Amino acid sequence: MSPTTPTAPDSEEALIAAIAAGYEGLSRQLKQIGTYVEQHRGQLGIQSIQQVAEQCEVQPSAVIRFAKHFGFTGFTEMQKLFRDGLARHISPSRDYQSRIRNAIESGAKDLTGADIVHAVIGGGIAGMEELQSSLQEPSFEEAVDLLFHADTVWLMASRRSFAISTYLAYALQHTDKRVQHITALGNMQDGQLRGLRPGDVMVAISFAPYAAETESIVADAHARGARIICITDSSLSPMARFAQTSILVNETSVFGFRALTNTMAVVQSLFMALAYRLELQYEPTRPRAS
């Protein structure tokens, strides 16, 4: 091996970290492959190079080039990283989604309302099980710590994620934090950000396809000195590069509709963990002895 050849990562986590660190310097095709690897690591242990190439819309030679870029001899050696954790990463939610998709494609159009609600509940349960096994605890703890030390917390989310930021705005009002919820009402999000100060903390929530207004606000807030907590589905998302910490959440999709179950659980847990930390600092005033 020549001195200029990079050492291949020895774990899934190390490879994902290497992809994230060098992402901006990759070609367009290698970025596509890197994003796919990061988001579909649970499938890479069993997919052929042709399947990976097809999903990434590239030629198999590009997949080999990607593997060699990160120090592997080829696709097969890189794939070995993902086989040890195969049972953990092939989650019930993905199997569930496959069964639902097959049912729809096979012409199952006589579903009752009860069938649909049980499908949604089942998908939610499977998604929560996957979240529990995949949650990156250090990132979550860092997010709690940032919120704990913040004087002012800014919240930014749009479209599907707006309901999540609205809940968090409500919950944080039960603390002594100053809470600024950027609603983007009337497309006035830039003006709403005007009061942000260096050291403020922003919680930004967005999932693919990422909301352009959220990405713009996050970039602006970062430039003004805010510390960013990003809740998203990929460490390669356009907001993650600005984040102090990123909490990665993948939602299940039932009948083409993505859930909010996992994201709401993460946000509720953030608030509860913060409230617990704040309560530990509470010291009731005792009357002085006369």
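A residue is called partly exposed here when its relative accessible area lies between the buried cut-off, under 20%, and the exposed one, over 50%. By that yardstick Arg224 is partly exposed, since its relative accessible area is 30%. The model in which this residue sits is a predicted one.

Stepping back to the whole chain, the fold comes to 13 helices and 7 strands. Of the 290 residues, 42% are buried. Sequence-distant pairings feature strongly: when contacts between residues at least 6 apart in sequence are counted, 71% of them join residues at least 24 apart. The accessible surface adds up to about 15800 Å², with carbon and sulfur atoms supplying 53% of that area.

Helix α3, spanning residues 49–56, makes a handy close-up. Its buried residues are Ile49, Val52, Ala53 and Cys56. Looking down the axis of α3, these buried residues fall within an arc of 100°, so they line one face of the helix. What do they pack against? The partners are α2 (28–39), α4 (60–69) and α5 (75–80). Turned away from this buried side, the other face of α3 carries Gln50 and Glu54, both exposed. Just after the helix comes Glu57, which has a positive phi, near 60°.

Now for the charged pairs. The search of the whole structure turns up 4 salt bridges. One of them links Asp145 to Arg277, with the closest N and O atoms 3.3 Å apart. Asp145 belongs to helix α9 (residues 137–149) and Arg277 to helix α13 (residues 261–280), so this pair ties together parts that are 132 residues apart in sequence. Asp145 is partly exposed at 34% relative accessibility, and Arg277 is partly exposed at 26%.

Another salt bridge pairs Glu213 with Arg159, again with 3.3 Å between the closest N and O atoms. Here a helix meets a loop: Glu213 is in α12 (residues 212–223), while Arg159 is in the loop between β1 (152–157) and α10 (162–172), so the bridge ties together parts that are 54 residues apart in sequence. How does exposure look across this pair? Glu213 is partly exposed, with a relative accessible area of 21%, whereas Arg159 is exposed, at 54%.

That leads back to Arg224, whose side chain meets that of Asp220 in a salt bridge, at 3.2 Å from N to O. Asp220 is partly exposed as well, with a relative accessible area of 25%, alongside the 30% of Arg224.

Definitions and conventions
Residues are numbered from 1 along each chain as its sequence is written. This is a predicted model: local features need pLDDT of at least 70, side-chain atom pairs count only at pLDDT 80 or more; totals for chains, interfaces and linings use all residues. Side-chain values use heavy atoms; hydrogens and water are left out. Helices (H or I, at least four residues) and strands (E, at least two) are DSSP runs, numbered from the N terminus. Buried means under 20% relative accessible area, exposed over 50%, partly exposed in between (1.4 Å probe, protein chains only). Contact means heavy atoms within 4.5 Å. Accessible areas come from the Shrake-Rupley method with a 1.4 Å probe; for residues, only the protein chains shown count as cover. The arc is that of the directions from the helix axis to the C-beta atoms.
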